[in-house]
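Colleague: I am new to this structure and would like a close look at one part, the surroundings of the ligand. Could you take me through them with care?

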Amino acid sequence: MSDASSPLLSVAAARASILHRIEAAAKAASRDPGSITLTAVSKQQAWPRVAEALDAGQRIFGENRVQEAQERWAQTRANGSAIELRLIGPLQSNKAKDAVDFFDVIETLDRDKLARAIADSAAALGKCPDLLIQVNTGEEPQKAGIAPLEADDFIARVRKEFQLPLKGLMCIPPADEPPGLHFGLLAGIARRNDLPVLSMGMSEDFEIAIRFGATHVRVGSALFGARAPLQK
Ligand SMILES: *Cc1c(COP(=O)(O)O)cnc(C)c1O
C-alpha cells in the first residue's frame with residue numbers, strides 16, 4: 001500500500017507490478033489472466049505520468065469527467081493512437097451526446113432519463129459506446145447507481161425499451177465495508193442477466209474483485225500515485 005503513491009516508482013514499474021498481481025490473483029482463482037483487463041484511471045493525474053503509461057504500452061484508460069477527458073485525450077486520439085477511453089464517473093443527461101461521441105465505453109448508466117438521452121444521441125450520431133450499468137451495491141445516498149433491487153428491471157428496460165448495447169455492470173463498494181460482499185452481489189446480478197462484463201475493484205481491492213469474477217479492474221493511485229486535489 002505504501003509504495004502505491006510513491007513518486008519514486010515509475011509508472012512503468014508500477015504497471016508491471018499491477019499486471020503481475022492481476023495474473024497471480026487470476027491464477028489463484030483458477031481464472032485465465034487474459035480474461036482480466038487493466039483500466040488505468042488517469043483522472044486528475046499529471047499528463048507526464050499518463051504519457052509514461054502510454055509509453056509502457058497501456059491503452060485502456062478511465063476518466064470520470066467528459067470535458068476533462070476531451071481536453072486531455074482528443075489530441076492523442078487525433079494522432080492516431082489506438083486507445084480505449086472508458087467513462088467511469090457520473091454522467092448528466094445534457095452531456096450524454098458528448099459522451100456518446102467521445103467514449104468507447106460508458107460504465108455509469110443508472111437511470112431511465114440517461115438511457116433515453118444515450119439512445120437519442122446514439123441515433124443522432126449513428127454510433128453507440130458499449131454500456132455498463134452502475135449498481136449502487138451499498139445503497140449509499142451520496143453515490144450514483146441503480147439500487148440492487150431495481151437492477152433486473154432496469155437491465156430489461158435498457159435492453160428492450162431503449163435497445164442499447166448493454167455489456168455488463170460496474171460498482172464502487174462503500175469505503176468502510178469489506179468489498180467482497182458487494183463484488184459477490186454484482187456478480188450475481190450479472191450472472192442471472194447473462195452479462196459478461198464486470199467492472200469492479202480499484203487500487204485497494206482489485207485482487208479481491210478478481211476472485212469474485214471481475215473482468216475489468218479500475219486502478220488509479222496504485223499506478224500513477226496520489227491524484228491532484230479535486231478542483232470544484
Ligand atoms: C477514481 C476511481 C477509481 C480509481 O481509484 P484508485 O483507488 O485510485 O485506484 C476507480 N473507479 C472509479 C469509479 C473512480 O472514480
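Modeller: By class, the shell around the ligand has 6 nonpolar, 3 polar and 3 charged residues, where Ala, Val, Leu, Ile, Met, Phe, Trp, Tyr, Cys and Pro count as nonpolar, Asp, Glu, Lys and Arg as charged, and the others, Gly among them, as polar. This is a predicted model, in which local features need pLDDT of at least 70 and side-chain atom pairs count only at pLDDT 80 or more, while totals for chains, interfaces and linings use all residues. Residues are numbered from 1 along each chain as its sequence is written, and side-chain values use heavy atoms, with hydrogens and water left out.

The residues around the ligand (those with a heavy atom within 4 Å of it) are V41, K43, I88, M170, I172, M202, S203, R218, V219, G220, S221 and R227. Among them, G220 has a backbone N or O atom 2.8 Å from an oxygen atom of the ligand, and a polar backbone atom of S221 also lies 2.8 Å from a ligand oxygen. From R227, it is an N or O atom of the side chain that lies 2.7 Å from an oxygen atom of the ligand. Of the 390 Å² of accessible area that the ligand has on its own, the protein covers 89%, by the Shrake-Rupley method with a 1.4 Å probe.

Notes: Polar contact = N/O pair within 3.5 Å; in protein donor to acceptor, adjacent residues only side chain to side chain.
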